[in-house]
Amino acid sequence: MTSTGPILRRGRRASSLVTSTVLAVGLLVAAGPASADEPTPTAPNPTGPTPTQPTPATAVQVVEPPVVTGTARYGSTLTSTTGRYEPGTAQVTRQWLRDGAPIRGATAATYRLVGADVGRRVAVRVVASADGLEQATTTTGPTTAVATAPLTVRTAPRIAGTRRYGQVLQASAGRWSSSGLTKRYQWYRDRTVIRGATQRRYAIAPADVGHRLRVRVTVSKAYHRTASATAVTAPVRHRRDARRTLTYSVRSDGSRGSLATFRRQAAQTLADARGWPGAGVRFREVRSGGDFTLVLARASRLTSYSTECSVLYSCRVGRNVIINEDRWVHTTRVWRSAKGSVRDYRHMVVNHEVGHFLGRGHLGCPGRGQAAPIMQQQSKGLHGCRVNPWPRRDEL
Ligand SMILES: [Zn+2]
């Protein structure tokens, strides 16, 4: 940006500039030809020569009209000249105008634009007077409509905290060109708005794992243009980094339902940040074999794996993790009366039986009203706990 003259700025927004063009209103009162009701100064005199006499001035004359310079924007200061007059000893008074009406007390060479000026046009009226002469009144052309002021970011917003599921991030709004701002926050998962995430703090959700979190800080203030700036994290990680990868295959043992649905939903459960990945285990499905086999079995097949298994429940025997199809489809009476959903039961039963494969034994309800441990036998009874399809933090 270059500067020409003291304040006149050639900014990006041409509309916010004051033009230096002026309108001289009423300045030709006396400078033109005499009006008809005055005696004609050049009346012929039959008795002598006709001298050429200058018309005597009856009013102050404007030699150079006043000018307003500066940026027509809230908070900016406009400057005006008073112009030059003949005679040079003429007394001048100045009045700033808002949409043509005098602004009370605004008679100095400079005028700082206030909230009431936003959207209005400002001008200066100068009255020049001298003894024995009519005064000359000149009004500058108005500015463009006074614009709101910009808000610019000086230090970008930042996100503090550990970017892992289970942690809470905190945004700082950054530093801006003005104080006393109203600040709003909106968090995004990659480019997608996270509904309801409008506070400075954000608790990382399971769905965030593998994605970048972003916060948009929007600042606003009266007579300023609302502005925003964004901060972004690196991809969010699991509670813990994977320490080992287990492979598994999926098969049916006499089941009648959709094995594709079983395969897909089990894979979702095993990949979910709320599940065993939080203990540092990663799962990868393979076509056959693998570290364990996930079986969707007809209920009557359960006892064929071990006499310890029951046709009523799911079971884990050696490398086989056997999900009872009756339970997969219908859940249990306990689960239904606790208003647990079918999808959550499926998460629970896969997590529980895979938990056995990981070497976990059964746990009891730790206290009335608490979330049941994933290794509690929730199919059989809750014992005061709430249904819970995921490992508790103390199980990871
Ligand atoms: Zn069990």
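## Helix H1

Start with helix H1, residues 259-271: at 1.5 Å a residue, its 13 residues should span 18 Å, and the end C-alpha atoms do sit 18 Å apart, so expectation and model agree. Keep in mind that this is a predicted model.

## Two sides of H1

Which residues of H1 are buried? They are Phe262, Ala266, Thr269 and Leu270. These four cover an arc of only 90° around the axis, which means they lie on the same side of H1. The general background is handy here: an α-helix has 3.6 residues a turn, so residues three or four places apart point the same way. Flip to the other side of H1 and you find Ala260, Thr261 and Arg264, which are exposed.

So what covers the buried residues of H1? The cover includes three strands, S19 (244-253), S20 (281-285) and S21 (292-297). Helices H2 (325-330) and H4 (342-357) are also part of that cover.

## The S8–S9 hairpin

Over to a pair of strands: S8 (residues 122-129) and S9 (residues 136-139) run antiparallel and pair over 4 bridges. One pairing to look for is Val127, whose bridge partner in S9 is Thr137. Between the two strands of this hairpin there are 6 residues, and Gly132 takes a positive phi near 80°.

## The chain as a whole

Zooming out, the protein chain has 23 strands and 4 helices. It counts 396 residues, 30% of them buried. As for contacts between residues at least 6 apart in sequence, 65% join residues at least 24 apart.

Notes. Residues numbered from 1 in each chain as written. Predicted model: local features only at pLDDT ≥ 70, side-chain atom pairs only at ≥ 80, totals over all residues. Expected span 1.5 Å × (residues − 1). Buried ≥ 20, exposed ≤ 12 C-beta atoms within 10 Å, placed from the backbone. Arc of directions from axis to C-beta. Contact = placed C-beta atoms within 7 Å. Pairing = 2+ DSSP bridges.
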